[in-house]
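These are my notebook entries on one strand with its partners, and on the enclosed space in the same model.

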Amino acid sequence: MESIYYVMSWACHRTCAHCYEDRFRPYAGDDLKRVIDECREAFPRIIANLPERMTYIDPEDMQEKRGRIILAGGEILLDAVRETILYPALDLLRAKYGDQVQLIVQTTGDTLRPRMIEELLQRGVWMISVSGIDSFHQGLETAEAQEALTLKLTKMFDDAGMRLFAPFAAETGQAAGEGAFYQFFGAQPGTWIGRLWPRGRAMANGLSTATITDNFCNQWSGGLNFLQSKLKGSEVSIEPNGNVYPCCAKTKRPIGNLQNETLDAIIARCTGNPVYEAISMGHPERMGIAHGWSVETFLEASMTANGYRNLCIGCDRFHDEVLGGLVTIG
């Protein structure tokens, strides 16, 4: 598989208004212990059930290339998560794959310290991806504040001998090269995630500007090509308890759980299923045809009571109304 996006923990130090997942928030006391225990108990079994090889075939040259595993939160660098979950997970992944995988750690950036960078690089991290450079994050509402944090982190990365990852790295050869890299992104207007997924607090706060023509499924981080696990473009998303989804925005029901079966078995079970084939082809509006939902029915179901329209809404309704009693996971 080319990419796995593994959310290791719900714990975060923020409750951002634009977040796609309500469970990303600060936890304390017994609640924090609960979310940490869930992650700590699950991640060894999850990693054991990942593919034996994290590689994919690029159809352009038919060469086998290294895939990547993105480890994220929440905020994965919080002390309670970093020491007990992230670092042991990185050690397990390195033991399983050696250098045949690109390990990426995603962070909002404001908790990052030079010592953490050193510890991540010692564990074979290929890239540190800073995802919090946008006005939705407290203290970064202005362009000046975002630039200040970017400059501060850039100096830390440069001092550690890291290199900035170019936007079109595939053309420069960086994507296949040796780390260590760093990059910055956020939910700025005009970016791939700038319209915001109609999920979680972003949806509750009316912040998504996506329309019915914004097909999140038919792009990277969507369900596009998730069933083509041996080829370029394949990606799945994993929750802390091992639930697997065909996209980062997440369908209303998981397609399997990695504490119970392998990722290869989950993908094999979904292959040929008209619902998941439609998602994998980037045409979610066709997922219900075999169940009596025409494209027109799906589009009608893609509207909320207040007039908001997006295909993700139709996907949610189809999963609730049709697949609720049909989807079983291993």
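I began with strand β8, residues 235-238, in what is a predicted model. Glu-235 and Ser-237 point one way from this strand, while Val-236 and Ile-238 point the other way, and I found all of them buried, the charged Glu-235 included.

I then looked up the partners of β8. Strand β1, which spans residues 3-7, runs parallel to β8 and is joined to it by four bridges, and within this pairing I noted Ser-3 opposite Glu-235. With strand β9, residues 243-245, the sense is antiparallel and the pairing rests on two bridges; here Ser-237 stands opposite Tyr-245. Glu-235 and Ser-237, which point one way from β8, thus each appear in one of the two pairings, Glu-235 facing Ser-3 of β1 and Ser-237 facing Tyr-245 of β9.

Next I checked the turn of the β8 and β9 hairpin, where four residues lie between the strands and Gly-242 takes a positive phi near 100°.

My last entry concerns enclosed space. I counted one cavity of 30 Å³ or more, and the largest cavity holds about 140 Å³ of space. Its lining comprises 18 residues, and those nearest the centre are Phe-216, Cys-217, Cys-247, Cys-312 and Cys-315. Which helix gives the most to this lining? I found that helix α10, residues 311-321, does, with three residues. By residue class, the lining of the largest cavity divides into 11 nonpolar, five polar and two charged residues, with cysteine counted as nonpolar.

Technical notes
Residues numbered from 1 in each chain as written. Predicted model: local features only at pLDDT ≥ 70, side-chain atom pairs only at ≥ 80, totals over all residues. Heavy atoms only, no water. Buried < 20%, exposed > 50% of the residue type's maximum accessible area, 1.4 Å probe, protein only. Pairing = 2+ DSSP bridges. 1 Å grid on protein atoms, 1.4 Å probe; cavity = no way out; pocket = protein on both sides within 12 Å on 5 of 7 lines; lining within 4 Å. Points joined across faces, edges and corners; volume = space filled by probe spheres on them.
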